[in-house]
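Biologist: I would like a close look at a single part of this protein, followed by an account of how that part sits in the rest of the model. Please take your time over it.

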Amino acid sequence: MADVIKSLLEGNKKWVEAIKGGSPGFFDELSKGQSPEVLWIGCSDSRVPVNQVTGSDPGTIFVQRNIANMVVLTDNNLLSVVYYAVKHLKVKHIVVCGHYGCGGVQAAMSNQSFGFLDSWLSGLKGVYAKHERELDGISDDLSRFDRFVELNVVEQVENLSRVFFIQEEWAKGEVPQIHGLVFDLKTGQLKDLGVSRSSGQGLTGIFKFNW
Ligand code: CO
């Protein structure tokens, strides 16, 4: 067996032992079912492991990750995850989490072709285009990159609030709340961008559905 896989299995063994040592009934409870209160939409980047960076136990966060934490409204995979989380698991919060140093965001800022990925990156380029004036006005490359990461999260929060079944839930009450966070690889800290939403207020008219 490949060494990498061997080390994964060994790591798993150690993890199971450590958990059982601290909480002998943990896996009995885990196998009974899940009732996470949070759906996390993050980047696939290996440096942002959701449970570890949030200090959360298994069973607490439902997760969808893709390149550059995008909410693409024709993405059936993402929409199915969001639908299940909102309609069946009844999550109270949805977190869209970006991260500084995101390779996907950086790729979208360049004029280089990334082959098959160009299609996915076009969504990010659209975000850049929408905020071109602000972004092009930032002369420092790293600061512009950081701001693009933040603005992308803001736009993905906006995209989520255009989802009809989320608006359907909002018509009944202010759940789920959508939040925009950014993870800083240099410090390990999460930052709340302060763009939380729990209603369709502020949405451009044509994105509001009638309920
Ligand atoms: Co990333």
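Biologist: Does Trp15 count as buried, partly exposed or exposed, and what is its relative accessibility?

Modeller: Please keep in mind throughout that this is a predicted model. Trp15 has a relative accessibility of 39%, and because buried means under 20% and exposed means over 50%, Trp15 counts as partly exposed.

The surroundings of Trp15 are best approached through its ring. Seven aromatic pairs turn up when the whole structure is searched. In one of these, the ring centres of Trp15 and Phe27 lie 5.6 Å apart while the planes stand at 75°, so the pair is edge-to-face. Since Trp15 belongs to helix 1 and Phe27 to helix 2 (residues 26–30), the contact ties together parts that are 12 residues apart in sequence. Phe27, with a relative accessible area of 23%, is likewise placed in the partly exposed class.

A second pair makes a useful companion to this one. Tyr128 and Phe148 are also arranged edge-to-face, with 5.1 Å from centre to centre and 90° between the planes. Tyr128 is part of helix 6 and Phe148 part of helix 8, so this pair ties together parts that are 20 residues apart in sequence. Here the rings belong to residues of another class, for Tyr128 counts as buried at 12% relative accessibility, and Phe148 counts as buried at 0%. Elsewhere, Tyr83, Phe164, Phe165 and Phe209 come together in one aromatic cluster, and Arg162 is placed over the face of Phe207, 3.6 Å from the centre of that ring.

Returning to helix 1, which covers residues 3–22, we find that Lys13 is located there too. Lys13 has a relative accessibility of 58%, and therefore counts as exposed. Between the C-alpha atoms of Lys13 and Ser113 the distance in space is 42 Å, with 100 residues separating the two in sequence.

Helices 6 and 8, which carry the second pair, lead on to the largest pocket, whose space comes to about 190 Å³. Helix 6 (118–130) and helix 8 (141–160) are the elements that give two or more residues to its lining, and helix 6 supplies the largest share, six residues. The lining is made up of 14 residues, and those nearest the centre of the pocket are Met70, Val71, Gly123, Gln156 and Asn159. Sorted by class, this lining has six nonpolar, five polar and three charged residues.

The backbone has some details that deserve a careful look as well. Most residues other than glycine have a negative phi, and most peptide bonds are trans. Ala68, however, has a positive phi near 65° without being a glycine, and Asn69, again not a glycine, has a positive phi of about 40°. Ala68 is found in the loop that runs between strand 2 (61–66) and helix 4 (76–88), and Asn69 also has its place in the loop between strand 2 and helix 4. With a relative accessible area of 0%, Ala68 is buried, and Asn69, at 2% relative accessibility, counts as buried too. Further along the chain, the peptide bond that joins Val175 and Pro176 is cis, with omega about 5°, and Pro176 lies in the loop between helix 9 (164–170) and strand 4 (177–183).

The model also contains a cobalt ion, for which the protein donors are Cys43 through SG, His99 through NE2 and Cys102 through SG, at 2.0 to 2.3 Å from the ion. Along the chain, these donors follow the spacing C-x55-H-x2-C. His99 and Cys102 are both buried.

To set all this in its frame, the secondary structure of the protein comes to nine helices and five strands, which follow one another along the sequence in the pattern α-α-β-α-β-α-β-α-α-α-α-α-β-β. The C-alpha trace spans about 55 × 45 × 30 Å along its principal axes, and 38% of the 211 residues count as buried. Against that background, Trp15 remains a partly exposed residue, paired edge-to-face with Phe27.

Conventions
Residues are numbered from 1 along each chain as its sequence is written. This is a predicted model: local features need pLDDT of at least 70, side-chain atom pairs count only at pLDDT 80 or more; totals for chains, interfaces and linings use all residues. Side-chain values use heavy atoms; hydrogens and water are left out. Donors are N, O and S atoms within 2.8 Å of the metal (3.2 Å for Na, K and Ca); water is not among the atoms, so sites may look incomplete. Buried means under 20% relative accessible area, exposed over 50%, partly exposed in between (1.4 Å probe, protein chains only). Helices (H or I, at least four residues) and strands (E, at least two) are DSSP runs, numbered from the N terminus. On a 1 Å grid over the protein atoms alone, a cavity is a set of points where a 1.4 Å probe fits but cannot get out, and a pocket is an open set with protein on both sides within 12 Å along at least five of seven lines; lining residues have an atom within 4 Å of a point. Grid points are joined across faces, edges and corners, and a volume is the space filled by probe spheres set on the points. Ala, Val, Leu, Ile, Met, Phe, Trp, Tyr, Cys and Pro count as nonpolar, Asp, Glu, Lys and Arg as charged, and the others, Gly among them, as polar. Rings of Phe, Tyr and Trp (its six-membered ring) pair if their centres lie within 6.5 Å; planes under 30 degrees apart count as stacked, over 60 as edge-to-face and the rest as tilted. A charge sits over a ring if NZ of Lys or CZ of Arg is within 6 Å of the ring centre and within 35 degrees of the ring normal.
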